[in-house]
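The following explanation leads the reader through the empty spaces of a protein, the ligand that it holds, and a few points of backbone geometry.

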Amino acid sequence: MHELITAHGGKLINLMLPPEKATAMKAEIVNLPSWSLTQRQLCDVELLLNGGFSPLEGFMTEADYNSVLHHLRLAEKNVVWPMPITLDVNEAFADALKVGDKIVLRDFEQVPLAILNISDIWQPDKAVEAQQVFATQSQAHPAVNYLFNTAGKIYIGGKLTGLNTPHHYDFTHLRRTPHELRDFFIKQGWQRIVGFQTRNPMHRAHQELTFRAAKLKEANLLIQPVVGMTKPGDVDHYTRVRCYEKILPNYPEQTTALSLLPLAMRMGGPREALWHAIIRKNYGCTHFIVGRDHAGPGKDDNGEDFYHPYAAQELVKKYQDEIEIEMVPFQEMVYLEDRAEYVPVNEVESGQKILKISGTEFRRRLQKGLDIPAWFSYPDVIAELRKTHPPKQRQGFTVFFTGLSGAGKSTLANALLVKFMESGKRPVTLLDGDIVRKKLSSELTFSKAHRDLNILRIGFVASEITKNGGIAICAPIAPYESVRQQVRQEISAHGGFIEVHVATSLEICESRDRKGLYAQARAGQIKGFTGIDDPYETPTNPELVIDTGNTSVLESVQQILLKLEKLGYL
Ligand code: PPS
């Protein structure tokens with residue numbers, strides 16, 4: 001059956017056991033060691049099991065891995081494959097295993113997804129992997145950063161036996177396996193299909209580009225956005241999928257389909273483009289669009305692009321015959337004002353006026369609630385984006401006070417709380433040090449580990465409040481810089497983070513000694529008291545520094561409100 005042939009001329013892989021056989025395996029897997037898959041591994045397992053990664057039949061062996069790194073080919077099958085697909089684990093887990101063992105791979109809820117029959121266990125040289133695959137060792141590259149800082153030290157390779165497919169509760173009507181998508185194409189009578197990969201919301205330029213590609217090749221169009229893992233900071237997939245659904249009616253009826261790809265991207269530029277093309281062939285596409293800077297990871301440490309913008313096209317061109325999917329290369333699309341249409345930049349004639357809005361400018365306009373012209377994007381796409389990306393004035397934020405005991409954090413926090421309540425624009429929650437210690441962290445001591453845990457808990461609650469558009473006011477001592485930075489990072493992903501160092505001197509705090517704790521600490525009755533026999537690390541980049549020794553409560557609150565106004569949150 002020609003429709004089941006993969007990019008490598010072989011059969012489309014399906015590693016799933018029939019349900020009755022999978023059920024029969026239940027007793028066998030009980031005694032096997034289990035590995036809880038990370039989010040990236042979960043994505044990889046899904047595409048291994050459903051054939052999206054055909055001809056792979058499991059996580060790579062050491063021989064395949066080395067061959068892919070150095071020759072872009074699988075060792076045994078000698079077919080093109082540019083991206084290592086490896087199962088990384090920690091040393092402790094690997095130490096208890098040997099070749100020939102079986103392990104169960106489980107999802108976040110501990111549902112068994114597959115059995116891995118171990119054929120290889122090895123320690124990779126990650127510097128070599130980074131250099132070969134991503135052509136850099138810079139940690140500004142998200143996949144290199146992941147490789148060095150998140151991935152485990154040891155790789156395990158071997159074939160998979162699928163027990164359950166990873167479950168998704170979102171957009172189920174848009175999720176199709178390679179087998180299902182190929183069936184769909186057959187049922188529709190689609191024979192030539194141009195695949196389009198994206199990790200961003202689609203605007204008019206993308207619509208125009210994809211429409212042109214389909215017309216050019218007299219083919220149907222498959223919009224197949226990645227919904228597994230994309231670049232950190234990207235628009236979340238829920239919002240994006242709603243945007244894609246809004247753009248679909250702009251294509252002629254019956255010509256275009258939308259299907260979601262649960263892939264974990266690596267942002268690997270040229271190698272990634274080739275990998276995407278192979279995956280699309282597996283999903284039944286005959287053509288694949290490769291644009292400018294395909295799967296580019298952004299800028300390196302010197303502000304330069306990691307890859308030449310058309311390097312991806314060159315690599316796919318080199319292998320397209322072998323992988324049997326035709327590339328449709330595209331240049332950047334620009335808007336010609338006089339003709340009110342989009343054209344590839346290489347078709348612009350001299351003297352013609354082009355209009356462009358960069359990604360940065362687009363995000364700025366979105367953040368400020370400014371106009372986004374209809375020539376750039378469709379109004380209902382923008383409306384979807386505005387729902388989840390409101391301007392700063394409607395985003396949540398956290399005011400994070402830090403400082404010594406008795407510095408005045410609680411007093412300021414309470415005064416600020418009242419001001420926000422007075423304005424009534426957003427819901428407000430106060431997470432004061434003392435309250436948190438009673439309600440959230442009553443079992444914790446004041447050891448460094450426990451203080452960090454306490455701050456992480458506060459940070460988690462504040463990030464949830466911020467994410468949902470509220471105001472969180474936190475007022476712990478939070479004496480350690482690294483955990484404060486961690487909290488800053490976590491919260492900034494969802495809204496504002498305003499760190500206020502209440503820098504009242506130890507002398508003043510001690511002279512106030514409202515709770516009598518300093519006296520007890522001096523007398524040795526409390527051990528590890530911040531400022532006395534436990535350190536307070538001065539914040540390195542607070543948004544505000546306030547000394548309540550020389551600033552009144554009202555003045556301090558005004559300073560905070562003015563800072564929030566300046567940052568755009570009020
Ligand atoms: S931390 O380090 O951020 O977890 O501390 P925090 O939870 O904010 O501390 C809350 C209050 O605990 C009292 N307390 C101590 N503070 C510092 N060091 C030691 N060893 C200690 N033991 C008890 C102190 O009154 C803190 O409240 P504030 O409001 O800061 O005075």
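The second largest pocket encloses about 760 Å³ of space. A total of 35 residues line this pocket, and those closest to its centre are Ser405, Lys409, Asp434, Ile477 and Lys515. The model is a predicted one, and the description below should be read accordingly.

Several helices contribute to the lining of the second largest pocket. Helix H15 (409–423), H16, H17, helix H19 (506–512) and helix H20 (517–522) each provide at least two of the lining residues. H15 gives the largest share, with four residues. In chemical character, the lining of the second largest pocket consists of 15 nonpolar, 10 polar and 10 charged residues.

What occupies this space? The second largest pocket is the space taken by the ligand. Helix H16 (433–439) and helix H17 (448–467) are the elements that give two or more residues to the shell around the ligand. Both helices therefore deserve attention twice, since H16 and H17 also each supply at least two residues of the pocket lining.

The shell around the ligand can next be considered residue by residue. It holds 20 residues, of which Ser405, Arg437, Arg451, Ile477 and Ala478 come nearest to the ligand. By class, the shell residues comprise eight nonpolar, six polar and six charged.

Individual polar atoms of the protein and the ligand can also be paired. A polar side-chain atom of Lys409 is placed 2.9 Å from an oxygen atom of the ligand. Asn454 likewise has a side-chain N or O atom lying 2.9 Å from a ligand oxygen atom. For Gly528, the atom concerned is a backbone N or O, which lies 2.9 Å from a nitrogen atom of the ligand. On its own the ligand has 620 Å² of accessible area, and the protein covers 93% of this.

Attention now turns to enclosed space. Rolling a probe the size of a water molecule over the atoms shows where empty space is left. How many cavities of 30 Å³ or more does a search of the whole structure find? The search finds one. The largest cavity has a volume of about 150 Å³. It is lined by 15 residues, and Arg40, Thr86, Glu129, Leu147 and Tyr155 are the closest to its centre.

Helix H3 (39–50), helix H6 (126–134) and helix H7 (142–149) each supply at least two residues of the lining of this cavity. The lining of the largest cavity is made up of nine nonpolar residues, one polar residue and five charged residues.

The backbone remains to be examined. Most residues other than glycine have a negative phi, and most peptide bonds are trans. Against that background, the peptide bond from Ser54 to Pro55 is cis, with omega near 10°. Pro55 belongs to the loop between H3 and strand E2 (58–59); H3 is also one of the helices that supply residues to the lining of the largest cavity.

Two residues other than glycine can be named for a positive phi. In Asn78, phi is near 55°, and this residue is found in the loop between helix H4 (62–71) and strand E3 (87–89). In Ala340, phi is near 50°, and the residue lies in the loop that runs between strand E12 (333–336) and strand E13 (341–344).

Definitions and conventions
Residues are numbered from 1 along each chain as its sequence is written. This is a predicted model: local features need pLDDT of at least 70, side-chain atom pairs count only at pLDDT 80 or more; totals for chains, interfaces and linings use all residues. Side-chain values use heavy atoms; hydrogens and water are left out. A residue is near a molecule or strand if one of its heavy atoms lies within 4 Å of it. A polar contact is a pair of N or O atoms within 3.5 Å; within protein, one must be able to donate a hydrogen and the other to accept it, and residues adjacent in sequence count only if both atoms are side-chain atoms. Accessible areas come from the Shrake-Rupley method with a 1.4 Å probe; for residues, only the protein chains shown count as cover. On a 1 Å grid over the protein atoms alone, a cavity is a set of points where a 1.4 Å probe fits but cannot get out, and a pocket is an open set with protein on both sides within 12 Å along at least five of seven lines; lining residues have an atom within 4 Å of a point. A molecule sits in a cavity or pocket if more than half of its atoms lie within 2 Å of its grid points. Ala, Val, Leu, Ile, Met, Phe, Trp, Tyr, Cys and Pro count as nonpolar, Asp, Glu, Lys and Arg as charged, and the others, Gly among them, as polar. Grid points are joined across faces, edges and corners, and a volume is the space filled by probe spheres set on the points.
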